[in-house]
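Reader: I'm new to reading protein models. Could you walk me through this one, step by step?

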Amino acid sequence: MMVRILYHDGRYDMVKRWTLEKLIEQNKIQGFRRANGWVRIGRDEVRGPGVANYLEEERRTPVNYPHPSKLH
């Protein structure tokens with residue numbers, strides 16, 4: 001899953017979730033986009049360091065994509 005991010009210098013980028021976590025830990029981004037809007041680091045609530053430390057139940061519905069061999 002790719003996430004849109006905003007660097008401190010105003011540039012935007014798309015990164016994978018594990019990269020997002022590292023950028024937050026290193027204070028290299030100003031914010032990132034969630035489905036419900038932008039999250040500003042230091043102002044809005046963020047899960048904390050590492051998804052593994054996130055103890056709440058997963059709220060997203062799992063998506064079951066067909067195996068590529070079954071697409072033809």
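Author: Sure! Let's begin with a term: two strands pair if DSSP finds at least two bridges between them. Keep in mind too that this is a predicted model.

Reader: Okay, so what order do the strands of the open sheet have?

Author: Start with what there is to arrange: the protein has one helix and four strands. Along the chain from the N terminus, the elements go β-β-α-β-β. In the open sheet, though, the four strands sit with antiparallel pairing in the order β2-β1-β3-β4.

Reader: Which are the edge strands?

Author: Look at the ends of the order β2-β1-β3-β4. An edge strand here pairs on one side only, and that fits β2 (12–16) and β4 (37–40).

Reader: How many degrees does the twist average from one strand to the next?

Author: Picture stepping across the open sheet of four strands. From each strand to the next, the twist averages 35 degrees.

Reader: Where does α1 pack, and what angle does its direction make with that of β2?

Author: The helix α1 packs on the sheet, where it touches β1 (2–7), β2 and β3. Compare its direction with that of β2 and you get about 115 degrees.

Reader: Which residue in β4 does Phe32 stand opposite?

Author: First, the strands: β3 and β4 pair in the antiparallel sense, and four bridges link them. Across from Phe32, in β4, stands Val39.

Reader: Is Asn27 buried or exposed?

Author: Asn27 belongs to the loop between α1 (17–25) and β3 (29–34). It's also a residue other than glycine with a positive phi, near 55 degrees. For a residue to count as exposed, its relative accessible area has to be over 50%. Asn27 has 52%, so it is exposed.

Reader: What percentage of the residues in the protein are buried?

Author: Buried means a relative accessible area under 20%. The protein has 72 residues, and the buried share of them is 18%.

Reader: And how much of the exposed area do carbon and sulfur atoms supply?

Author: The protein exposes about 6,200 Å². Of that area, the part from carbon and sulfur atoms is 52%.

Reader: Last one: which ring does the charged end of Arg11 sit over?

Author: To count, CZ of Arg has to be within 6 Å of the ring centre and within 35 degrees of the ring normal. The charged end of Arg11 lies 4.4 Å from the centre of the ring, and that ring belongs to Tyr7.

Terms used:
Residues numbered from 1 in each chain as written. Predicted model: local features only at pLDDT ≥ 70, side-chain atom pairs only at ≥ 80, totals over all residues. Heavy atoms only, no water. Helix = DSSP H or I, 4+ residues; strand = E, 2+ residues; numbered from the N terminus. Buried < 20%, exposed > 50% of the residue type's maximum accessible area, 1.4 Å probe, protein only. Axes fitted to C-alpha atoms, helices over the stretch in contact; angles between N-to-C directions. Contact = heavy atoms within 4.5 Å. Areas by Shrake-Rupley, 256 points an atom, 1.4 Å probe, with all protein chains shown as cover.
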